[in-house]
Amino acid sequence: MAEASRTSEARRDAVFGRWVVFSPARSRRPTDLKSHSPTNPSPGPSPGADSPAPPKPSCPFCAGRESECAPQIFRVPPDGTLPWRIRVIQNLYPALRRDVEPPPPPPVLPEGEAPPDEPGERAVPGFGFHDVVIETPRHDVRLWDLDAEGVRDVLLAYAERVRQLGEHPAVKYVQVFKNHGASAGASMAHSHSQMLGTPFVPPSVTTRLNCMKEIFDRSGNCSLCEIRSKDILISETPNFSAIVPFAASYPFEIWIIPRQHISYFHEIDQDKALDLGSLLKTMLQKLSKQLNDPPFNFMIHSAPFGLSSSCLPYTHWFLQIVPQLSVIGGFELGSGCYINPVFPEDAAKILRELDCSV
């Protein structure tokens with residue numbers, strides 16, 4: 001359908017179960033949509049291996065300032081005689097605390113039953129883990145400035161820490177996420193990401209599982225495995241597809257989905273992490289170039305720990321990237337529905353054709 005003939009349309013997402021209203025009349029041409037508050041209006045040249053380090057800013061995440069951070073959990077490489085490339089540390093201001101008594105374990109679920117929503121009000125101790133992944137020792141390097149191997153190593157650090165947290169009997173879910181830019185929630189400019197290990201399964205995760213189960217029970221297929229439309233495809237590799245989802249809640253939202261059905265992100269291996277690292281780097285480059293270096297969030301949606309084997313056929317992990325281009329208003333907050341001014345097919349075409357090689 002040509003852009004000029006587009007009229008408003010409502011679509012239901014088959015993963016989160018949300019309705020999205022596509023209203024192109026609320027925006028100019030999709031190619032005109034840009035961030036008005038770029039995270040780095042005057043970036044320096046992308047640093048190379050031989051480029052000198054810039055003057056050291058007042059940032060505890062930079063190399064040489066390690067003593068100013070919360071305790072380190074592990075580093076890459078592990079050999080302390082070599083300079084570090086990645087550090088995983090405790091969050092100095094954690095949302096959940098590891099030194100609090102964990103809540104009592106929930107009852108064991110029958111085989112095939114997803115975690116239920118808990119009725120009524122309830123308060124439990126604020127136990128959990130809140131960690132930070134410092135993606136580079138350099139303050140002037142963004143995640144997509146790293147080579148594919150560097151992004152791979154960040155992804156493998158995520159996976160290693162998720163595996164560690166999964167060994168704690170009270171941790172039920174780990175949310176890995178990255179906030180880039182102040183308006184996307186980043187309090188530090190130095191490139192980093194975070195993860196929270198919670199003693200409960202968050203409600204949006206339960207909603208996602210229930211929605212995907214509904215599709216599976218009706219069709220016998222995983223709703224993410226079923227995505228085959230070339231109109232929303234941006235790029236694909238041997239192991240992953242990058243798409244603008246059919247019912248994208250946000251303009252230029254991207255999902256990176258394993259082409260093989262896999263429930264748990266932390267089971268990723270070296271080869272697939274390199275493939276994902278290369279694709280993630282390209283997608284972030286495309287968003288930066290097309291949208292004027294916008295603030296963004298990305299989240300890894302994986303399965304909760306201890307999920308019964310009968311749930312695995314419809315749980316499929318993926319990575320969601322959300323550029324922050326507009327403010328969420330009262331309709332979205334009140335209804336749970338979103339208004340998106342850019343049709344996914346148009347956004348996918350723009351990103352697919354965008355050349356980031358120069």
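Modeller: Let's begin with the vocabulary: helices (H or I, at least four residues) and strands (E, at least two) are DSSP runs counted from the N terminus. By that rule, this protein has 5 helices and 13 strands. The model is predicted, so local features need pLDDT of at least 70 and side-chain atom pairs pLDDT 80 or more, while totals for chains, interfaces and linings use all residues. Residues are numbered from 1 along each chain as its sequence is written, and side-chain values use heavy atoms, without hydrogens or water.

Biologist: How many cavities of 30 Å³ or more does the structure hold?

Modeller: Rolling a probe the size of a water molecule over the atoms shows where empty space is left. A cavity is a set of points on a 1 Å grid over the protein atoms alone where a 1.4 Å probe fits but cannot get out, and lining residues have an atom within 4 Å of a point. Volume is the space filled by probe spheres set on the points, which are joined across faces, edges and corners. Here there are 2 cavities of 30 Å³ or more, and the largest has about 90 Å³.

Biologist: Which residues line the largest cavity?

Modeller: Look for V162, Y173, V174, V176, Y264, F265, H266, I300, S302, A303 and F305. Strand β6 (residues 173-180) gives the most to this lining, with 3 residues.

Biologist: And which residues line the second largest cavity?

Modeller: That cavity holds about 30 Å³ of space. Its lining consists of W144, H180, L284, L287, S288, D293, P294 and F296. Helix α3 (residues 270-291) supplies the largest share of this lining, 3 residues.

Biologist: On to the annotations: which residue does UniProt list for "active site"?

Modeller: The unreviewed UniProt entry lists H192; such annotations may be inferred rather than shown by experiment. You will find H192 in strand β7 (residues 192-198).

Biologist: Is H192 buried or exposed?

Modeller: Buried means under 20% relative accessible area, exposed over 50%, and partly exposed in between (1.4 Å probe, protein chains only). H192 has a relative accessible area of 5%, so it is buried. Leaving aside residues up to four places away in sequence, H192 touches (heavy atoms within 4.5 Å) F61, V132, V133, I134, E135 and K178. Across the protein, 50% of the 358 residues count as buried.

Biologist: What does UniProt list for "binding site"?

Modeller: The unreviewed entry gives C59, C62, H139 and H190. They are spread over 132 residues of sequence yet cluster in space, with a largest C-alpha distance of 7.9 Å. Take C59, in the loop between β2 and β3 (72-76): its relative accessible area is 3%, so it is buried. Beyond residues up to four places away in sequence, C59 touches R65, H139, M188 and H190. H139 belongs to the loop between β5 (129-134) and α1 (148-166). H139 is partly exposed because its relative accessible area is 28%.

Biologist: Why is α5 largely enclosed by the rest of the structure?

Modeller: Because 7 of its 10 residues are buried. Those are P344, E345, D346, A347, A348, I350 and L351, and they pack against β1 (9-12), β2 (19-22), β8 (233-236), β10 (254-258) and α3.

Biologist: Where is P341?

Modeller: P341 sits in the loop between β13 (338-340) and α5 (344-353). Its relative accessibility is 18%, so P341 counts as buried. P341 and P24 are 317 residues apart in sequence, but their C-alpha atoms are 4.5 Å apart in space. Among contacts between residues at least 6 apart in sequence, 75% join residues at least 24 apart.

Terms used. 1 Å grid on protein atoms, 1.4 Å probe; cavity = no way out; pocket = protein on both sides within 12 Å on 5 of 7 lines; lining within 4 Å.
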